[in-house]
Amino acid sequence: MSQPLTQQDFASLLSCLQNALNQNPEVQKQAEAYIQSLDSRAGFSSALAEIVGNREADHSARYLASVHLKNSIHRNWKKRVGASTGIGPEEKAHLRSRLSSLIPQEDNQIAVQVALVYAKVARFDYPAEWPGLFSDLLANVNGGSALTVRRVYLILHHVLKELSSKRLVADQAHFAQVTELLFGHVWGQWCADTQQLLAGLPAGLEAPPAGGSTSASQALLQSCERWMLLLKILRRLILHGFPSDAKTLAPVPAVHSCCPHMVSALQGLLGVRPRGKPLPRSHLQAMLDRAILKLLKTLCQVLEVHPWSFHGAGVLLPSMEVCASQLVEAAAPEQHPHPHPHQQQQQQQAGGAAMTAAASAAAAASTERRLTACCGLLIGVMGSKSYRGQAGGSLEPGSGQPRDTTRYKAMAAEVRAALEAFWAAPPANAAAAAAAVAAAAAGGAAAGGPAAAVAAAAGGGANSRLIALAGALVSRHMVLSRADLEQWREEPEEFAHSHGSGAWADSLALAAEQLYLVLLQAYREVLGPAVASLLPAVAAAAPPGVPADSLPGERVAGVPLALLYKDAVYAALAAGAYELHDYLDYGAWLTGSLLTELSDTCAANKPLRRRIGLVVAANVDRVREDDPIRPALYGAMLQLLSEPDPALCLSGLGALTALLGDFNFLEEPFAPLLPTCLQLLLHVMGGSSELDTQKQAFGLLNMVIERCGEALRPHVGALAGALPALWEAAAGQSLLRIQILEAVQRLLNLSGPASPQLLPGLVLPLLSYSLDLRQPETSEGLLEDGLALWLVALRNAPTCCEQDTAAAAAAAAAAGQGADGGGNGGIAPLAGQPPPLVLRLLPGPGPAQVLEALLSPFPALTAIAESSTEQLPAVMSILTSAALLAGPALWAAAGGHVVSVFMAVVGNVSERGMLLVFPALEQMLQAAPQAAAAGLQPVLLRLLGLLFGGKESGLVVTNALPVLGRLLLAAPQQLVALCGAAAADPAVAAALAAKGREGVPAELAPAEVVLWRLLELWAEAFDGLGQAGARRLCGLALCRALALPSRGLLGLLDVLLPPITAVWFETEGGGGDEDGGGCCWRGEGMPPSYDYFSAGMRGGGDEGLDEVVGPALDSEEAEGETARRAMLREADPAGAVTLGSGLRSGLCAAAALHGEAALNAALNALDPTLAAAVHKATAAAAAAGAAGGAGGAGGQASM
């Protein structure tokens, strides 16, 4: 155990903290190593606290000590399982008492760290070990200095932030108690500070910033800082101290008390600035901007959590009015982002030298954040599920009883009526709203912009808030600003991505677009015609055929203002494409304007060309598949894709992605443009280093491969040649490499039997990397796609094996010797059983080379299976497809690895995992009966141990039966050998010993005992099989079991014959559906649900386990895979042998083995009903055989 720190260690620690800030790297590393070594010793956190509290120590060392103190408490306060270090109870008590002396920190950075230390300790110790936390903090407020009070509120903010993140019910109850304790004090102090701020801000803002801050302005800044901390605390208490009324419908008193005052405070803070008079930028003005923004966000969050109390407090409509007024006022001509030149000159003269460029940019950014928050609140109101009547759930919280929604629906209807009245009423700032219309009347449509057109199109509703706000959004807030255009010029790719897919909460333009969209969705009948009428208005100011660089009027960064207005209108039409479907003739717009405007390639027209790509992407469903305009549209978008400007290129990329992904897409019109498209895509992927750009380009490439099909086949070689270089260029970017792997999968699916051409230079190198668990990118998603690539390659490979008819005939002849001692171990085949499947490699070097290549990754598969079961679905699918492709060659090339994979899985996975293993085992036994049965003996031996052990679920036991049934049908002598090995296996022997020998004849050998118990288990679990194909397979296997050379089988007839006759009655005896559906099999073709593993059982029921998706899922229908499955079906005895003839053959074999007299005696001992069913089944088989010229032989005459 480490020794506690001594006083000498304290001095060394302070010295090391100073050395850790040394510029010499060696000194710095030594100091950091020493500090790290002290972390596990008792007293380390206390020593750090002493250094933080020592005002005479070096400031940087104190700050570093505060950071280490926070981290040490986070790591060591609560001792973790297996950890050898931890802070003891005595030191914890000392630290809790010492923290109060660290509160009055003059340095803001150290004060924040101390507050975070408080929060960390409170998370672990409140209320059990630190019940007096909040009372002690409030005691420091009463009578403390101004600095102490501010620091206490900072600590309260961080402590409440930490405690509010705890989600357990008990923790939430504790937080409610804290809310009750603190709310009164915090609310009273915030109200007092609000009055002080509103009284002092006008004079403080007027004061010149030069010469440093005065004591009055400094006091006002400190008061504002305290006010904001109190607001944060209030917000936390209101949001987390009360249950959400969206579920309870109970009013929250705190919302009714606070929110009206918050809205009044917001109105007061917005009105302290004198209108029309620029003020010098100062710290106080920046603090005012932050205060307004924080109030807006607080109201928005309260609205989200407590929507009904927000409305009930009477602040819903006033807060909306404030936000709508702010947005409309900002769009007035005097606030316009692109003022007329003489207006700009007047503003510069009025502002004088006080407004520097940096200050002006800061003020603009602050205004944009404020307006974005205003949009956010209005979006929250219009999108509230509570106000739309969609929230709350159908059950009462806690009781689970059905909820009475009558009150809820009435409340929602009341709010909706209030909102409709609000939007229909004239705006509060009617003068500002009418300014755009007046400007349009005085100076033309371009001067007023879209706002004038919206108002004019609204007719009688032109004087409503809704129309005024919609006009403001389109004419001002959705217009590209000078800053946007400058960003486009300097960082075009970043501009395109931030304006195309950024979060609306971070951008005024995106927030305005989102607000416009929710308003259009809610009031489509009012806004739809008005917005659609914008199109002719902006077309008049910027006609389609006129070059953009020749348009008259003001320009912003070289772009005509009329064109920027047009761009904003196009953005509005694209965003509301679905809602405007009935109001806009898209076909006429496309042919009459959009394609013409795309042909204008001057620099000034870039914004409009980019926007047209977005318009096309939003309206792909409006162009029919046989529309003759489609080829021209494809060509225009490819022209955008070829642009060197990334913003234009990405616009074309998005439009093409939408066009090819459209349900109406046909490959014929696009086929002539396919080479150009592929060339441009490869250029974009190779020329851009931006991850988002490359992801979009790869996404389009995959879509082209998927949708173009046969038209792409001639270009497969060129694509395959380009992908390795792209793979190398994407090193370290797993998302891009995943896209490349998906593209290669699609190319393999497209190539089909010709896919081996892609193996040497493309597929095998990618598999070698993506399946290597030592590669860092493998764990980031490459492994899953690498396995999918291997699976697709196996399924699309051409057939490499064929049926060896001579060997099959010889095997059939040997098996036909039956009880006379044939090559099948003396076990007779079933009557009508087709020759066994014996595969051999096709002649020539090609098939062998293909198999060698496709089986080469098997060593990696063993490591993958041993490391995790996450990829089990893909691993089992690979084993299945490899068995189908290679047949016996799989066991010669990779048999050891196959067994290793199964041994890593069987018995080590859940029920769902075991259900994935059985299909692969069965397919292997079917594809290479002798080789697989011999190779899989360790796996089957373990499976027997699991079945006899009694710990596996009934579902696992039931679905293991078809695997054993396949073994018994295809290689019965291997089942006999398996029983012999099981008798010598300690695990199986122990499981059987636990069952005892009750009911087992004493004369049976140990191997025969295993067989007896297996058949008993088989018959017991048989009724759990639900698929007709599985039941037939297992029924035929039991028929084959009658021919096994065991003395005890005659004693099991009363166990084995009931399931056999039951299946016979279902499929052949007339017990199925009358129309031949359901489970009834008439002997024509394959029985229903024969391929039960790939249909019903792969997923283990409704849950589904088939996680192979995308191109790998498409490859299930690959030509090679389909042909190989068909070959297995043709050779399957379950599809060729009837149950009646199988039963008859099995009884004949039993008579030959044990004597006809013994068999008849056993049959006569059966229940009469069962004996009658056996007689009926065998007689029907004999009659059918006689009718077909293949009558049965003796041994059954007595039946």
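This passage looks at the salt bridges of a predicted model and at the surroundings of one histidine.

Salt bridges make a good starting point, and the count comes to 29. One of them joins the side chains of Arg-98 and Glu-50, with 2.9 Å from N to O. Arg-98 belongs to helix α5 (residues 89–99) and Glu-50 to helix α3 (residues 44–53), so this pair ties together parts that are 48 residues apart in sequence. The two partners can be described by their accessibility: Arg-98 is buried, with a relative accessible area of 17%, whereas Glu-50, at 32%, counts as partly exposed.

Another salt bridge is found between Arg-226 and Asp-193, whose closest N and O atoms are 2.9 Å apart. Here helix α10 (residues 215–240) contributes Arg-226 and helix α9 (residues 169–206) contributes Asp-193, so parts that are 33 residues apart in sequence are tied together. Both residues of this pair are buried.

Further along the chain, Asp-662 and Arg-630 meet through their side chains in a salt bridge of 2.9 Å, N to O. Asp-662 sits in the loop between α32 (646–661) and α33 (667–670), while Arg-630 is part of helix α31 (residues 629–641); the pair links distant parts of the chain, 32 residues apart. Asp-662 and Arg-630 are both buried. Beyond such pairs, a network of salt bridges links Arg-795, Glu-1121, Arg-1124 and Arg-1125.

Attention now turns to the histidine. His-157 lies in helix α8 (residues 146–164) and, with a relative accessibility of 9%, counts as buried because the cut-off for that class is under 20%. Apart from neighbours within four places in sequence, His-157 is in contact with Leu-229, Lys-232, Ile-233 and Arg-236.

Conventions: Residues numbered from 1 in each chain as written. Predicted model: local features only at pLDDT ≥ 70, side-chain atom pairs only at ≥ 80, totals over all residues. Heavy atoms only, no water. Helix = DSSP H or I, 4+ residues; strand = E, 2+ residues; numbered from the N terminus. Buried < 20%, exposed > 50% of the residue type's maximum accessible area, 1.4 Å probe, protein only. Contact = heavy atoms within 4.5 Å. Salt bridge = Lys/Arg side-chain N within 4 Å of Asp/Glu carboxyl O.
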